[in-house]
Amino acid sequence: MEASCAGPSLTTLQYREHGIDIQTAAPPSQKTGAYHDQRDNRVHVAKLAKGVGGPVLDAGCHVGGFSLHAAAAGLECVALDQSQAALQFAAQNVRANNLSGVTTVKADLFGPLDHPELQRTFGAIVFDPPKVVSSLRDVGRASKAMERSLAALLPRLMSGGIIA
């Protein structure tokens, strides 16, 4: 017996998180960016960043979860991701929530990070890389890539800033 599903095809998912409307691509996209175990962390990081002041770098932002909450707290944000499609959703989510102060930057988190928007210090840096390990044989390579990225990001953190 063969199962089938009739009806319209789902291309986007929409949800509300702590008063913020978020839209993302439906699976089987790259990922939804809707890791609900992180929803309280997104609000908590925004509160901590507000206490520090200064802009927020959301490195590996996907559809902008951390950036959206930081912008809602009145902070300037740089939302960085290597996926242009994800950044388009992030920008759309900023507009849909009538937020401002979020700049999107297309860059590889494991690359040189030399975009002009990244050449400053940040009060908070969210480091949320994509999945880099699929098996034990990838751990060494992934650890080195994470070390390089963090070594490039940490000098951009203000004194007294936070990294999450």
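This is a short tour of the predicted model above, one selection at a time.

**Before you start**

Residues are numbered from 1 along each chain as its sequence is written, and side-chain values use heavy atoms, with hydrogens and water left out. Because the model is predicted, local features need pLDDT of at least 70 and side-chain atom pairs count only at pLDDT 80 or more, while totals for chains, interfaces and linings use all residues.

**The whole chain**

Begin with the protein chain in cartoon view, where you can find four helices and seven strands. Here helices (H or I, at least four residues) and strands (E, at least two) are DSSP runs, numbered from the N terminus. Followed along the sequence, the pattern is β-β-α-β-α-β-α-β-β-α-β. Of the 164 residues in the protein chain, 43% are buried; buried means under 20% relative accessible area, exposed over 50%, and partly exposed in between, with a 1.4 Å probe and protein chains only. Taking contacts (heavy atoms within 4.5 Å) between residues at least 6 apart in sequence, 61% join residues at least 24 apart.

**Stop one: helix α2**

Now select residues 65-72, which form helix α2. Seven of its eight residues are buried, so α2 is largely enclosed by the rest of the structure. The buried ones are G65, F66, S67, L68, H69, A70 and A71. Just beyond, look at G74, which follows α2 and has a positive phi, near 90°.

**Stop two: α1 against α2**

Keep α2 on screen and add helix α1, residues 39-52. Two packed helices are described by the angle between their axes and the distance between the axes. The axes of α1 and α2 come within 8 Å and cross at roughly 45°; axes are lines fitted to C-alpha atoms, for helices over the stretch in contact, and angles run from 0 to 180 degrees between N-to-C directions. That makes α1 oblique to α2, since angles under 35 degrees count as roughly parallel, over 145 as roughly antiparallel, 65 to 115 as roughly perpendicular and the rest as oblique. To see the contact, show N41, R42, V43, V45 and A46 of α1 together with G65, F66, H69 and A70 of α2.

Next, show the side chains of R42 and F66: the charged end of R42 sits over the ring of F66, 5.9 Å from its centre. That description requires NZ of Lys or CZ of Arg within 6 Å of the ring centre and within 35 degrees of the ring normal.

**Stop three: V102**

Move to V102 in strand β5. Which residues is V102 in contact with, leaving aside its neighbours within four places in sequence? They are S67, A71, C77, A79 and V94. For a distance to try, go C-alpha to C-alpha from V102 to A70: these two are 32 residues apart in sequence and 9.2 Å apart in space.

**Stop four: two positive phi values**

Select H18, in the loop between β1 (12-17) and β2 (20-25). H18 is not a glycine, yet has a positive phi of about 50°. Then select L113, in the loop between β5 (102-106) and β6 (122-127), where phi is near 50°, again positive in a residue other than glycine. Which of the two is buried, and which partly exposed? H18 is partly exposed, with a relative accessible area of 49%, whereas L113 is buried, at 4%.

**Last stop: Q84**

Finish at Q84 in helix α3, residues 84-96. Q84 is partly exposed, with a relative accessible area of 40%. Add H62, which is 22 residues from Q84 along the chain; their C-alpha atoms are separated by 9.3 Å.
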